[in-house]
Amino acid sequence: MGKAKEVPLQIMDHEVKEENSGEPDAGHQSSVTRIKGHIWWIKMGIYSFFVLSGQTTATLLGRLYFEEGGNSKWMSAFVQLAGFPLLLPFYCISLPKNSTTDSIDTDRPPALTFAFLYVSLGIIMAGICLLYSYGTSYLPVSTFSLICASQLGFNALFSFFLNSQKFTFFITNSLILLTISSALLVFQPDDSSDSKKISKGKYITGFLCTLFASAGYALSLCLTQLAFKKIIKRNTMRSMLDLIIYQNIVATCLTVVGLFASGDWKVLSKEMEEYELGKVSYLMTLIWIAAGWDVFSIGAIGLIFDVSSLFSNVISTLGLPIVPVLAVFFFHDKMDGVKVVAILLAIWGFVSYMYQHYLDDSKSKAERAIAT
């Protein structure tokens, strides 16, 4: 899909074939390329698993926090960001820089540019997490997840302006379907079987907060892809960890300020005492929310710099229908006709996008075959 969708493996494959066509060891080079191709697909599988598992776990636990007595929006935002210390050991296994990376480093921007990048993304992430906290607090988790599917549409829109993403019939169709899927939910506030009835005012607030958070998250993904291309210029584990950790440090500091400025910190002890599942469960819920979003971040950013921001968001959207189904069992959410239609439309939108990805991949392979 345009330049943003060119997979590094495909570029590598093309270069190897050009350099080795007609050479005696062409068969050996072809085998090496196939092995690298298998490794690339394994990486994509691992990153996708991280996105799906981390997102599902953290979303369900985020709702559990509010369902069982938690009430602080700032605490909810804080734990979405504060798990970055769990990633520090990964610095020990990040690969050393190679000669190609060294040559690129000479063209890298000054440290002040990186500081501005991390601070800007951190501010955006803090706002996104706070908006998501309001959405999680005021909406049934199934409704929340379905509204989040709109982030794929926002991502495609921002990618068009920031990442040279091309619009086709199937991408446009995907955007329309996902927009309708989210719009359906605003017309039917769900008071289902939640222990706490949701007022219409809170439902609308939760809907708008989740929608704006989805737009903000889509924007952050596109800006991250642009940053890798224009500023970071390194496709390494260390650069991925730097981005996650530094922006999370900024965002975490902002949520701590909000936690104290709002006065929520004063009631945290009481909140833990009155948590229906007990003190230990209260702490474990918050810890696992943080760990879940860390796992999700690794997968999402890995997909961004190996494929594109739009593909990362597509995998994230793929996992959204999982949450409403699990919410029926864990939180006894009501699965009415409107939600079923919204799920089907979201899946249809996802399939429409993936079909376009398949067409682009087939076209790319055909062009490389002709070139070689």
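A residue is called buried here when its relative accessible area is under 20%. Glu 67 falls in that group, because its relative accessible area is 14%. Arg 63 is buried too, with a relative accessibility of 7%. All of this comes from a predicted model rather than an experimental one.

These two residues belong together: a salt bridge joins Arg 63 to Glu 67, and the closest N and O atoms sit 3.2 Å apart. Both lie in helix α2, which covers residues 26-67. Because they are four residues apart in that helix, about one helical turn separates them. As a general matter, side chains of opposite charge can pair when their charged atoms come close.

The count of salt bridges comes to two. In the other pair, Lys 279 meets Glu 273, with 3.0 Å between the closest N and O atoms. Here the surroundings are more open on the accessibility scale: Lys 279 is partly exposed at 42%, and Glu 273 is partly exposed as well, at 48%.

As for the chain as a whole, the fold is built from 15 helices, with zero strands. Of its 372 residues, 51% are buried. Among contacts with a separation of 6 or more, 85% link residues 24 or more positions apart. The accessible surface of the protein chain adds up to about 17500 Å², and carbon and sulfur atoms supply 69% of that area.

Definitions and conventions:
Residues numbered from 1 in each chain as written. Predicted model: local features only at pLDDT ≥ 70, side-chain atom pairs only at ≥ 80, totals over all residues. Heavy atoms only, no water. Salt bridge = Lys/Arg side-chain N within 4 Å of Asp/Glu carboxyl O. Helix = DSSP H or I, 4+ residues; strand = E, 2+ residues; numbered from the N terminus. Buried < 20%, exposed > 50% of the residue type's maximum accessible area, 1.4 Å probe, protein only. Contact = heavy atoms within 4.5 Å. Areas by Shrake-Rupley, 256 points an atom, 1.4 Å probe, with all protein chains shown as cover.
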